[in-house]
Amino acid sequence: MATGVSGRFSRVFHYDTLLLTAGIWFLAKFLRYALPALFPVYQTEFGVSNAFLGTAFTAMMIGYSLMQFPSGILADRFGAVQVIVAGAVVAASGALVLGISAPLVVLLGGMLLIGLGTGVHKTVSIRLLSRVYPNKTGRALGLFDTLGAFGGVAAPTAVVIVTDAGNWHALFLVGAVVGVALAGGVFSHVPRRTTDGGNDADSAGSADSAENADDTNSPNRVDSESNSRADGETDIGFRRYLSLFQSRRFSLFVGVTLCFGFAYNGVVAFLPLYLTENGLTDGTASLVYSALFAVSFVQIVTGDLSDRIGRLPLTIAVLAVAAAALGTLVVVGQASALVLGAIVVAFGLGSHGFRPIRGAYLSATIPGDVAGGGLGLVRTLLMGVGAIAPAIVGVIADTAGFAAAFGLLAVVMAGAVVFAGATALSK
């Protein structure tokens, strides 16, 4: 019996790094997606337009995107744990600002801090998890993204509760406390965990052993031999990162991520308002919005499948589902909550299904000596393009209506499918 209990504790301990980093990612998603659910409240309380709200969300996401590349560079030089902790503290500070009753300009500053603080997390966490769990990278990233996405499930429900209670600021006060607690857990525990057996930087190259032949053992992998650096060298020039784009296949896959990021961010920023414009009540729209994130469990499945059957065919399949669902949402227009909910669920399955595949593909493709900064550069481009989507959607919604705005997003998501097909065919 003692041996069995010890074995179970050992298995839980094995996933402590995953649970802590995923906890921070859950909080990041919670704070970010609570804001769109509060847009109707902000319109009433502050008298602002769709364009203003979209621009504010864009500003937060630009702050998020600007941190992707620097955080990767800092992680390459100083370690993932320090960067993760610093980001969590900054995000908690932003939540604290939103947790107090203050003028709109101050609250916008809090949103920007949340963007900056959460912006460092995923790039660095992918780097960390791929080294701690080198033989199960796809599965670990699937679990990481799934647990994080449940922050989007919880946020709309929490918004309904706090707005009914008449104090939406309390939501962010709780978030600030949780953020500090998680940062403390990572700071005090993860350094010991990741130095065990060389699971962190010392095993940077071990992740390559488990990757699929179509991603790593072919000429299509970005060549790292001619550009490799001596161990311990930290002076990696910006040109080294730009050289990644000399691979046509890598550049095409970046095109996939950019199209996906623009379409997805545009949808999640305005989906609650889109649904209310099409006949749903605020409460029902929040529940449907929650469903978008509730189906994120699919990431566990697609992450595991990506380790087994190959990433590019799976990428084409899941993005095709997302594009078809988004197009259907536009065509259907006003419909029952059941119909709109089913379409949103399909969009969520396709969109969330892509995330762990994207992370695993990039981790397998980018050479180990520039893993953090290389991934950070891609995510800077990804989030930068995605960040402008809410502002564009807000402006189009005010001038031509939500149908036109979401129609544009459907076309861009279809573009992601085209780029994925081109990547698979590229040599």
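Visitor: Before we look at this predicted model, what does contact mean here?
Guide: Happy to start there. Two residues are in contact when they have heavy atoms within 4.5 Å.

Visitor: Among contacts with a separation of 6 or more, what share comes from residues 24 or more positions apart?
Guide: Take the contacts in the chain whose separation is 6 or more. Of these, the part that joins residues 24 or more positions apart is 85%.

Visitor: How many helices and how many strands does the chain have?
Guide: The chain has 427 residues, and 57% of them count as buried. As for its secondary structure, the count is zero strands and 19 helices.

Visitor: Which helix gives the largest share of the largest nonpolar core?
Guide: That core holds 119 residues. Among those with the most contacts inside it are Phe172, Leu271 and Phe406. Phe172 itself touches several residues, including Leu31, Leu38, Tyr42 and Leu98. The largest share of the core, 17 residues, is supplied by residues 248-277, helix α13.

Visitor: Is leucine 349 buried or partly exposed, and why?
Guide: Leucine 349 lies in helix α17, residues 337-365. Buried requires under 20% relative accessible area, and exposed requires over 50%. Leucine 349 has 31%, so it is partly exposed.

Visitor: What accessible area does the nonpolar patch with Leu349 have together?
Guide: The chain exposes about 16,000 Å², with 67% of it from carbon and sulfur atoms. On the surface, Leu349 joins Phe297, Ile300 and Val301 in a nonpolar patch. Together these residues have an accessible area of about 310 Å².

Terms used: Residues numbered from 1 in each chain as written. Predicted model: local features only at pLDDT ≥ 70, side-chain atom pairs only at ≥ 80, totals over all residues. Heavy atoms only, no water. Helix = DSSP H or I, 4+ residues; strand = E, 2+ residues; numbered from the N terminus. Buried < 20%, exposed > 50% of the residue type's maximum accessible area, 1.4 Å probe, protein only. Areas by Shrake-Rupley, 256 points an atom, 1.4 Å probe, with all protein chains shown as cover. Patch = residues over 30% accessible without salt bridge, like charges linked within 9 Å, V, L, I, M, F, W, Y side chains within 5 Å. Salt bridge = Lys/Arg side-chain N within 4 Å of Asp/Glu carboxyl O. Core = buried A, V, L, I, M, F, W, Y, C linked by side-chain atoms within 4.5 Å. Lists of a residue's contacts leave out its neighbours within four places in sequence.
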